[in-house]
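Please keep the model open in a viewer while reading, and make each selection as it is named.

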Amino acid sequence: MNAPLPWFIAGPLIGLIVPALLILREKQFGISSSYRFIGGVLLPKIPYFSYQKDGDRWQIQFALGLILSGFAAYQVFGAFDAVVIQPVLDYEKLAVNIYDVKNGLQFFLGGILVGFGARYANGCTAGHCIMGVSQFATSSILATVSFFIGGLIGSFFINPLIF
Amino acid sequence: MLKFIITLALGFFFGSILLASQAFSWYRIQEMFHFQSFHMFGLLFSAIATSAVFLFILKRNKQKSIYGNEIEVKPKKLEWKANLFGGLIFGLGWSISGACSAPVYILVGLHWKIGLILLAGAFVGTVLFALVERKLPKA
């Protein structure tokens, strides 16, 4: 599993999910609303979570498919993690497996920002970058630019300090 | 049941592509933000282009869903402060955890310990947002 599936195959296949979801499921591509749905199940007393969540139920099924794909990959290929990428960055930690639980705190913090930011921005890489930008929506183009600025700051300035 | 299987299968397909292309990986995300490979950019741009072409065709053909309904595609509402500030926060999280929302789930299956930590973090972040959202600048 060392060479990745080339982008010119993987990218269009991901793009195909957009019409597939529309035709087969009448849904716009996205995944981060699944977190809101979970909130709606667990903490329905918070106003933001007491919403018509049935429209987001499909995202839990979609998420289940994602989890299964990870599980299947583990069964077939094992934990293909650090190994796959050339360590091209300038800080040393890239030589080790980043997914070690000793990095749990950093991942937890990153997760909080992902969850908070996705809801605040009203979408994530799927809903904004792919679904939204392909509609040429101003909101999604702005969010995508913002994702990248945030990502540059995190990757260049924060990660070398915390990993 | 049919809807469930379709959605599950599409999620599995999506995850498999993210795995095979390594787009789920922390390392690929760092590589992207350091502009050290075209891989992730090509992947995102070609996904967007493919989606845009199909959206155009669906619209032109007035394509109906398999349930016989008109397909409705709505852009997300522009709330520039929310898109901007939320985007920055999301981007920070994306680069630190090396995972956006979909890879969080993939990692639950692949590396369940880190995956569950990430998922717990993402849920805590969502709850924090739910608690403060009325006070945040949006439009």
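Begin by selecting A:Ser155 together with B:Gln30, where the two side chains make a polar contact at 2.8 Å; bear in mind throughout that this is a predicted model. Adding B:His34 to the selection shows a further polar contact, in which its side chain meets the side chain of A:Ser155 at 3.1 Å. A:Ser155 itself lies in helix 6 of chain A, which covers residues 138-162, and with a relative accessible area of 0% this serine is buried.

Next, turn to the largest nonpolar core, which holds 70 residues, and select A:Phe29, A:Ile31, A:Phe62, A:Ile130, B:Phe14, B:Met32 and B:Trp94, the members that touch the most others. Helix 3 of chain B (residues 39-60) supplies the largest share of this core, namely eight residues. Centre the view on A:Ile130: leaving aside residues up to four places away in sequence, its contacts include A:Ile14, A:Val18 and A:Phe29 in chain A, and B:Leu44, B:Ala47, B:Ile48 and B:Ser51 in chain B. A second core, separate from this one, has 10 residues, among them A:Ile46, B:Ala82, B:Val127 and B:Ala130.

Finally, inspect the backbone at two loop positions, remembering that most residues other than glycine have a negative phi. Select A:Asn122, in the loop between helix 4 (104-121) and helix 5 (125-132) of chain A, where phi is positive, near 65 degrees; this residue counts as partly exposed, at 29% relative accessibility. Then move to A:Phe136, in the loop between helix 5 and helix 6 of chain A, whose phi is also positive, near 55 degrees, and which counts as exposed because its relative accessibility is 63%.

Definitions and conventions: Residues are numbered from 1 along each chain as its sequence is written. Chains are lettered from A and ligands numbered from 1 in the order in which they are written. This is a predicted model: local features need pLDDT of at least 70, side-chain atom pairs count only at pLDDT 80 or more; totals for chains, interfaces and linings use all residues. Side-chain values use heavy atoms; hydrogens and water are left out. Helices (H or I, at least four residues) and strands (E, at least two) are DSSP runs, numbered from the N terminus. Buried means under 20% relative accessible area, exposed over 50%, partly exposed in between (1.4 Å probe, protein chains only). A polar contact is a pair of N or O atoms within 3.5 Å; within protein, one must be able to donate a hydrogen and the other to accept it, and residues adjacent in sequence count only if both atoms are side-chain atoms. A nonpolar core is a set of buried Ala, Val, Leu, Ile, Met, Phe, Trp, Tyr and Cys residues joined through side-chain atoms within 4.5 Å. Contact means heavy atoms within 4.5 Å.
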